[in-house]
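Hi,

Here is the structure I said I would pass on. Have a look at it first, and then read my notes below.

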Amino acid sequence: MDVEIDEIGWAILTELQQDGRIGYAELGRRVGLSPPAVAARVRRYEEEGIIEGYRAQLSFERLGLDVRAFDRMSVMGPLNDQDELIEVARGIPEILDLWRVTGAETSIMRVATRSVADLERVLHPFWQYGDTVTGVVMSHPIARRPIQRDAVVG
């Protein structure tokens, strides 16, 4: 870890991970600092790249994206096939994340679609690159868990 974060800093980061819209006054009340002191710390964490941004969390279900899946890919061809696969994935809006990984698979994609038929349509372009193994999400019992101090400092 490049930046030293004290207990109050971790309290601030934990609160912001749970509610990125919390005001400085309320955040300061929760962590025991004045609003200007909290604002200064938050700005520092933003400038240092610890806080990368803020975003709205949308409901898959309310938007009709009822099928969520993880697709593991094993690209069998040359390295440029992996680069092509990444470009194909960038053009498909239902692909939410793509990770390059080590092990039996070369990449893992997180996908959200309206139906199983849509999932098949999304995955079809990738079959030319190699084998896929798809796991459909049944539930999400631990979701959007904040990064905690013990995981970093441990």
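**The cores**

In this predicted model, the largest nonpolar core has 15 residues, and those touching the most other members are Met73, Leu85, Ile95, Met109, Val111, Leu119 and Phe126. Two or more residues each come from strand S1 (67-75), helix H4 (79-90), strand S3 (107-113) and helix H5 (116-123). S1 is the biggest giver, with four residues.

If you want a way into that core, try Leu85. Setting aside neighbours within four places in sequence, Leu85 is in contact with Met73, Val75, Leu98, Ser107, Phe126 and Tyr129. Another core lies apart from this one; it has 13 residues, including Ile5, Trp10, Leu13 and Leu27. As background, nonpolar side chains in soluble globular proteins tend to be buried together.

**Helix packing**

Now for the helices at the start of the chain numbering. Helix H1 (residues 7-18) packs with helix H3 (residues 35-47) at about 80°, and their axes are 11 Å apart. That angle falls between 65 and 115 degrees, so H1 and H3 count as roughly perpendicular to each other. On the H1 side the contact uses Ile8, Gly9, Ile12, Leu13 and Leu16, which meet Arg41, Val42 and Tyr45 in H3. By class, six residues of this contact are nonpolar, one is polar and one is charged.

H3 also packs with H2, at an angle of about 95° and with the axes 8 Å apart. H2 and H3 are therefore roughly perpendicular to each other too. Tyr24, Ala25, Leu27, Gly28 and Val31 of H2 make this contact with Pro35, Val38, Ala39 and Val42 of H3. Here the split is eight nonpolar, one polar and no charged residues. Val42 is worth a click, since the residue appears in the contact with H1 and in the one with H2.

**A buried glutamate**

Where does Glu94 sit? Glu94 is in the loop between H4 and strand S2 (95-100). Its relative accessibility is 18%, which is under the 20% cut-off, so Glu94 counts as buried. Not counting residues up to four places away in sequence, Glu94 touches Arg110, Val111, Ala112, Thr113, Arg121 and Val122. Val111 is also one of the residues named above for the largest nonpolar core.

**Confidence**

The chain has a mean pLDDT of 93, with 98% of its residues at 70 or more. Confidence is highest in helix H2 (residues 24-31), at a mean of 98, and lowest in helix H6 (residues 149-153), at 84.

Cheers

How values were computed: Residues numbered from 1 in each chain as written. Heavy atoms only, no water. pLDDT = per-residue confidence, 0-100. Axes fitted to C-alpha atoms, helices over the stretch in contact; angles between N-to-C directions. Parallel < 35°, antiparallel > 145°, perpendicular 65-115°, else oblique. Contact = heavy atoms within 4.5 Å. Nonpolar A, V, L, I, M, F, W, Y, C, P; charged D, E, K, R; others polar. Core = buried A, V, L, I, M, F, W, Y, C linked by side-chain atoms within 4.5 Å. Buried < 20%, exposed > 50% of the residue type's maximum accessible area, 1.4 Å probe, protein only.
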